[in-house]
Amino acid sequence: MKTKLATLWLDGCSGCHMSFLDMDERLIELAQRIEVVSSPYVDFKYPDYFPDGIDVAIVEGSVSSEEDLHKIKLLRAKTKFLISLGDCAITGNVSGMRNLIEIPDMMDFVYNETADVNKGVMPTKVVPPLLKKVIPINQAVHVDLFIPGCPPPADAIYYALSELLNGNTPDMSKVTRFGK
Amino acid sequence: MIEKPRIRVKTFKIDGIDVTGRADQTVLDVAIENGIDIPRLCYMEGLKSIGACRLCLVEIEGQRGLISACTARISEGMSVLTKTDRLLKYRRQILELLFSERNHQCAVCVSNGHCELQNMAISVGLTHVDIAYLNPKLNIDASHRRFLNDPNRCILCNRCVRVCDEIEGAHTWDLLGRGVDTRVVTDLDEHWGISESCTGCGKCVHVCPTGALSEKGVSVAEMAKRRNFLPYLKSNRGIS
Ligand code: SF4
Ligand code: SF4
Ligand code: SF4
Ligand code: FES
C-alpha cells in the first residue's frame, strides 16, 4: 500500500512547496510509493478538510491566524507523522517578524499607510482573524521531524522522505540548517 | 643572558585520552591542541576567556558541578569528560535559549552561512527550538558611518567588549542591564556614530560571532568575518 501524504501551506511564501517540486524527476520515483491525498498541489475536497488516515504530513509556514491553528490541529489529529518544513514552520522566521509590531499598527501599515487602493479600509472577510503572536508549529501541536531551511533544499526533502519510507530516522542537521 | 622560564607540565585525561599541557593552560586550550572539539561561542583565541556563554561546559570526574572549559585551569591527574548525555542536553538548551532570547531570522541575516551560532546549532544537531520565543523589541543602531549594531542577533558573548578594550584599547563597548535584558552599548549608551572613544577600527565587527555587528553595505549572507589579526596582534604584544 502506498504511503498517504498530505501537505499543508500555512503562513509561508510557498517557497517550501516550490522546493518540494524541485525534487524534479525524483518525484516520479516517490510517486511509486506515495499517494498525495491532500495538498495545494492537488484538488481534493473533504467534508472535514483533511481525509482520515494520513501517514505523513508536511507543513510549510507558521501558525499566524485562527484558521491556521484550526487547520494544524485538524491535520495533527489525522496524521501519524508530522513534519515541519522550513524556517517559518520551525522558528516563525520572516512570517514571525510581525511579532515585533502590534497588530493594529501592522494592519494600519498594510491597509492604510502603504495601500494604493481602498486606503484605510480594513478587511472584514477573507482575511482570517490573526493570532496575537505568530508561533512555530511545534508550539501548537506535536511535531515529529524538522527540516530547516529557507527554503529547505530539495535534496534535504528527498533525503528525509526516502529515509522515512525506508523505515529510517533521518538526521536533518547533516543536510540542512536554519537559513539554508 | 635571558633566563628561560621553567615550564611546568601537567598530564591528565580528556574523554579517556591522555593529554599534557602547560600549567597555565586551560582545559579548552589543551583540548583544541589535541583536536578534541568542545563547542564554544564566547571563547576567542587572542582574547581573555570569561566563561560567558557556558557552551563549553565539561564534567570533571569526581566533581558534581560543571565547569566551563575555557576558564578551567588544568590539574595533574584530572579526568575531563566533554560528551556526556548531561552535557549534550545542556548544550542544546543553552543554544535554544540563545535563539529564543533575541530575533534570529537566518534567511534574511547578513551572517547567514558564516555564523558561529548557526554552526553550533549544526554541531549539536539542533533543528528546532522548544522554548517559546521572546521576540523582544530591539532597535538597530545604524548611526555609525561604516558599521551596524543589530541587537536582535546578539548573544552577549562579550567579544566586542573585550577586543575593543584588550586589543584596540578604546573600551567603547560595555554591558548594560542584567540577565535577559542585558545589552551591549557604546560609550554611555549613546549612539555608536557619535562615540568619541571609537576609533572606527572595525575589530568588534570582525570578532562578533553573529550578525549583530556588521559592515554597512553588505547584504544577506555577505558578512564573512576576518579574524586573522587577533593571533597576530597577540603575538606582537608578547602574550602567549
Ligand atoms: S546571527 Fe546567525 S543565527 Fe542569528 S539570524 Fe543571523 S545567521 Fe541566523
Ligand atoms: S570599531 Fe574599534 S574602537 Fe570602535 S567600537 Fe569597534 S573595536 Fe572599538
Ligand atoms: S554584539 Fe556580537 S560580539 Fe558583541 S556581545 Fe553581541 S554577539 Fe558578542
Ligand atoms: S566558550 Fe567557554 S563559556 Fe563560552
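A polar contact here is a pair of N or O atoms within 3.5 Å, where within protein one atom must be able to donate a hydrogen and the other to accept it. Keep that in mind as you explore this predicted model.

**Stop 1: where the chains meet.** Select chain A and chain B together. Between them, 8 residue pairs are in polar contact, counting pairs with both residues at pLDDT 80 or more. Now colour the side of chain A that touches chain B by residue class: you will find 11 nonpolar, 7 polar and 3 charged residues.

**Stop 2: the whole contact.** Widen the selection to everything that takes part, which is 21 residues from chain A and 24 residues from chain B. Together the two chains bury about 1,900 Å², and carbon and sulfur atoms give 60% of that area. Next, pick out L100(A), R177(A) and F178(A): this trio supplies 33% of the area that chain A buries against chain B, more than any other three residues.

**Stop 3: a charged pair.** How many salt bridges are there between chain A and chain B? The count is 1. To see a salt bridge, select E102(A) and K137(B), whose closest N and O atoms are 3.6 Å apart.

**Stop 4: ligand 1.** Move on to ligand 1, which has 13 residues around it. Show the closest of them: H104(B), C106(B), C109(B), C115(B) and G211(B). By class, the shell of ligand 1 holds 5 nonpolar, 7 polar and 1 charged residues.

**Stop 5: ligand 3.** Finish at ligand 3, surrounded by 13 residues, the closest being C154(B), C157(B), N158(B), C160(B) and C208(B). Colouring this shell by class gives 10 nonpolar, 2 polar and 1 charged residues.

How values were computed:
Residues numbered from 1 in each chain as written. Chains lettered and ligands numbered in written order. Predicted model: local features only at pLDDT ≥ 70, side-chain atom pairs only at ≥ 80, totals over all residues. Heavy atoms only, no water. Contact = heavy atoms within 4.5 Å. Buried area = accessible area lost by both parts, 1.4 Å probe. Salt bridge = Lys/Arg side-chain N within 4 Å of Asp/Glu carboxyl O. Polar contact = N/O pair within 3.5 Å; in protein donor to acceptor, adjacent residues only side chain to side chain. Nonpolar A, V, L, I, M, F, W, Y, C, P; charged D, E, K, R; others polar. Near = heavy atom within 4 Å.
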